[in-house]
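Take a look at the chain below. The paragraphs that follow walk through its sheet, its helices and the contacts between them.

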Amino acid sequence: MQVLQVQLAVQADPSEVGRARRWVRARLAGHGLDPAAPVAETLVLVVSELVTNAVVHTGCPAVLRLTMPAADAGCPVRVEVADSSHAAPAPRHAGDDEDATNGRGLELVELLCDRWGWYPDGSGKRVWCEIDPAATVPLECPEPVAAAR
């Protein structure tokens, strides 16, 4: 089975998250995956969340790794982000505050991925997730409800 494994060094700067998203889109397109496909959009979102967690919560550089099997292999795409913190990723909950901008990252990863986890790695840790392209379907968003006046 043929597998493409690529990685990107990410600096400890929140602007690097956008660069990581662009990099993933380019790698997916280069691997023959339509960037507008639901699995591609999901992968970009998951990468955004994991890289954000790494650079914001550690303040240190990180390494993003993407492992993609051949399209017909029936194997999941794997995303890994390694950073220099030994602290375990701790899912937080944003609660009922609709305006909260923090606390949803790992909840999204858990919701969108088939599997995710972490393990100690060298001088830090590695957070990983897997998405099965064959099982990914677009999320159906409910129609907005008009606010009562």
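Axes here are lines fitted to C-alpha atoms, for helices over the stretch in contact, and angles run from 0 to 180 degrees between N-to-C directions. Keep that in mind for the first pair of helices. This is a predicted model. In it, the axes of helix α1 (residues 16-30) and helix α2 come within 9 Å. They cross at roughly 150°. The crossing of α1 and α2 is right-handed.

Which residues of α1 and α2 make this contact? From α1 come Val 17, Ala 20, Arg 21, Val 24, Arg 25 and Leu 28. From α2 come Ala 40, Leu 43, Val 44, Val 47, Ser 48, Val 51, Thr 52 and Val 55. By class, the contact of α1 with α2 has ten nonpolar residues, two polar and two charged.

Now step back to the whole chain. It holds three helices and five strands. Read from the N terminus, the elements run β-α-α-β-β-α-β-β. The chain has 149 residues, and 37% of them count as buried. Its accessible surface comes to about 8800 Å². Carbon and sulfur atoms account for 53% of that surface. Consider also the contacts between residues at least 6 apart in sequence: 61% of these join residues at least 24 apart.

Next, the sheet. How are the five strands ordered? The order is β1-β2-β3-β5-β4, in an open sheet with antiparallel pairing. The edge strands are β1 (3-10) and β4 (115-121), and each pairs on one side only. On average, neighbouring strands of this sheet are turned by 15° against each other, direction ignored.

Go through the sheet pair by pair. Strands β1 and β2 run antiparallel and are joined by eight bridges. One pairing to find is Val 3, whose bridge partner in β2 is Pro 69. Strands β2 and β3 also run antiparallel, with six bridges joining them. Here Thr 67 stands opposite Arg 78 in β3. Then comes the pairing of β3 (residues 77-83) with β5 (residues 124-131), antiparallel over seven bridges. In this case Val 79 has Cys 129 of β5 as its bridge partner.

Pause at β2. Is this strand largely enclosed or open? Six of its eight residues are buried, so β2 is largely enclosed by the rest of the structure. Buried means under 20% relative accessible area. As a general point, the side chains in a regular strand alternate between the two faces of the sheet.

What lies across the strands? Helix α2 (residues 38-58) lies across β1, β2 (62-69), β3 and β5. It runs at about 10° to β3.

Helix α2 has a further helix contact, with α3 (residues 105-112). The axes of α2 and α3 come within 9 Å and cross at roughly 145°. This crossing is left-handed. On the α2 side, the contact is made by Thr 42, Leu 45, Val 46, Glu 49, Leu 50 and Asn 53. On the α3 side, Gly 105, Leu 106, Leu 108, Val 109 and Leu 112 take part. The residues of this contact divide into seven nonpolar, three polar and one charged.

Put the pieces together around α2. This helix lies across four named strands, β1, β2, β3 and β5. It crosses α1 with a right-handed turn. It crosses α3 with a left-handed one.

Conventions: Residues numbered from 1 in each chain as written. Predicted model: local features only at pLDDT ≥ 70, side-chain atom pairs only at ≥ 80, totals over all residues. Heavy atoms only, no water. Pairing = 2+ DSSP bridges. Helix = DSSP H or I, 4+ residues; strand = E, 2+ residues; numbered from the N terminus. Contact = heavy atoms within 4.5 Å. Left-handed = near helix turned anticlockwise from the far one by under 90°. Nonpolar A, V, L, I, M, F, W, Y, C, P; charged D, E, K, R; others polar. Buried < 20%, exposed > 50% of the residue type's maximum accessible area, 1.4 Å probe, protein only. Areas by Shrake-Rupley, 256 points an atom, 1.4 Å probe, with all protein chains shown as cover.
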